[in-house]
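Subject: A structure to look over

Hello,

I am passing on a structure that is new to you, with some notes on what turned up in it. Please have it open while you read.

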Amino acid sequence: MKTFNRLARAASFTALALISQAAWAAGSIEVLKSASCGCCVAWGNHMREAGFTVAERDLPLADLNAAKVEAGLKPGQTSCHTGKIDGYVIEGHVPAREVKRLLEERPDAIGLTVPDMPYGSPGMGDMADADPYDVLLLKRDGSTEIYASYR
């Protein structure tokens, strides 16, 4: 019976480790947004379609803005929603592929942003007719650099 219990515990531990690894691989992102913003929901759906687990949290606008400041975002670097994943901030309509790249490369940075709400970015209309926009890497000193360009 002791051998069976040890085997059962080992199997349970292995299963838990595999589930945790699968959850990590997909990524779990918390999205802070206002209750009235439909494009935030559309961006969350874009992230889900890319394999992420998305937990959306509606906040009053004052609390959402305070969370952006607390995350280290400066004026001109913000958008409508703020995501948090694995120690990084994802601000606005950042494509899922850039979030995956960020998590693979692990730069020493605050995170990524697509300032404002450019048409054609994920969650913001038809990508086939998109306006050009840049995904910016938010550096810890408050500066940014272009991480990816969409033209």
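Let me start with a helix, H4. On its face turned away from the buried side, H4 carries the exposed residues Arg97 and Glu104. The buried residues of H4 are Ala96, Glu98, Val99, Leu102 and Leu103. Seen down the helix axis, these buried residues fall within an arc of 160°, so they line one face of H4. What covers them? The cover includes H2, S3, S4, S5, S6 and S7. Just after H4 comes Arg106, which has a positive phi, near 55°.

Before going further, please keep in mind that this is a predicted model.

Now the wider picture. The protein has four helices and seven strands, and along the sequence they follow the pattern α-β-α-β-α-β-β-α-β-β-β. Of its 151 residues, 40% are buried. Among contacts with a separation of 6 or more, 51% are between residues 24 or more positions apart.

The seven strands form an open sheet in the order S2-S1-S3-S4-S5-S6-S7, and the pairing is mixed. At the edges are strand S2 (53-58) and S7, each of which pairs on one side only. From one strand to the next, the twist averages 20°. Inside the sheet, S4 and S5 pair in the parallel sense over four bridges. Glu91 has Thr113 of S5 as its bridge partner.

Two helices can be placed against these strands. H2 lies across S1, S2 and S4 and runs at about 165° to S2. H3 lies across S1, S3 and S4, at about 130° to S1.

Next, the core. In soluble globular proteins, nonpolar side chains tend to be buried together. Here the largest nonpolar core has 23 residues, and the members that touch the most others are Ile29, Met47, Phe52, Ile90, Val99, Leu112 and Val135. At least two core residues are supplied by each of strand S1 (28-33), helix H2 (38-49), strand S4 (88-92), helix H4 (96-105), strand S5 (111-114), strand S6 (133-138) and strand S7 (144-150). Which element gives the largest share of this core? That is H4, with four residues. Val99 of H4 is thus worth finding on your screen: Val99 is one of the buried residues of the helix and also one of the core members that touch the most others.

Two single residues also deserve a visit. The first of these notes concerns Leu64, found in helix H3. Leu64 counts as buried because its relative accessibility is 2%, under the 20% cut-off. Leaving aside neighbours within four places in sequence, Leu64 is in contact with Leu32, Lys33, Ser34, Leu59, Cys80 and Thr82. The C-alpha atoms of Leu64 and Leu32 are separated by 6.7 Å, although the two residues are 32 residues apart along the chain.

The other is Ser79, in the loop between helix H3 (61-70) and strand S3 (82-85). Is Ser79 buried or exposed? Ser79 is buried, since its relative accessible area is 12% and the cut-off is under 20%. A polar atom of the Ser79 side chain lies 2.5 Å from the backbone oxygen of Asp116. Beyond neighbours within four places in sequence, Ser79 is in contact with Lys68, Glu91, Gly92, His93, Val114, Asp116 and Met117. Glu91, in that list, is the residue whose bridge partner in S5 is Thr113.

Enjoy exploring it!

Best wishes

Methods:
Residues are numbered from 1 along each chain as its sequence is written. This is a predicted model: local features need pLDDT of at least 70, side-chain atom pairs count only at pLDDT 80 or more; totals for chains, interfaces and linings use all residues. Side-chain values use heavy atoms; hydrogens and water are left out. Buried means under 20% relative accessible area, exposed over 50%, partly exposed in between (1.4 Å probe, protein chains only). A polar contact is a pair of N or O atoms within 3.5 Å; within protein, one must be able to donate a hydrogen and the other to accept it, and residues adjacent in sequence count only if both atoms are side-chain atoms. Contact means heavy atoms within 4.5 Å. A nonpolar core is a set of buried Ala, Val, Leu, Ile, Met, Phe, Trp, Tyr and Cys residues joined through side-chain atoms within 4.5 Å. Two strands pair if DSSP finds at least two bridges between them. Axes are lines fitted to C-alpha atoms, for helices over the stretch in contact, and angles run from 0 to 180 degrees between N-to-C directions. The arc is that of the directions from the helix axis to the C-beta atoms.
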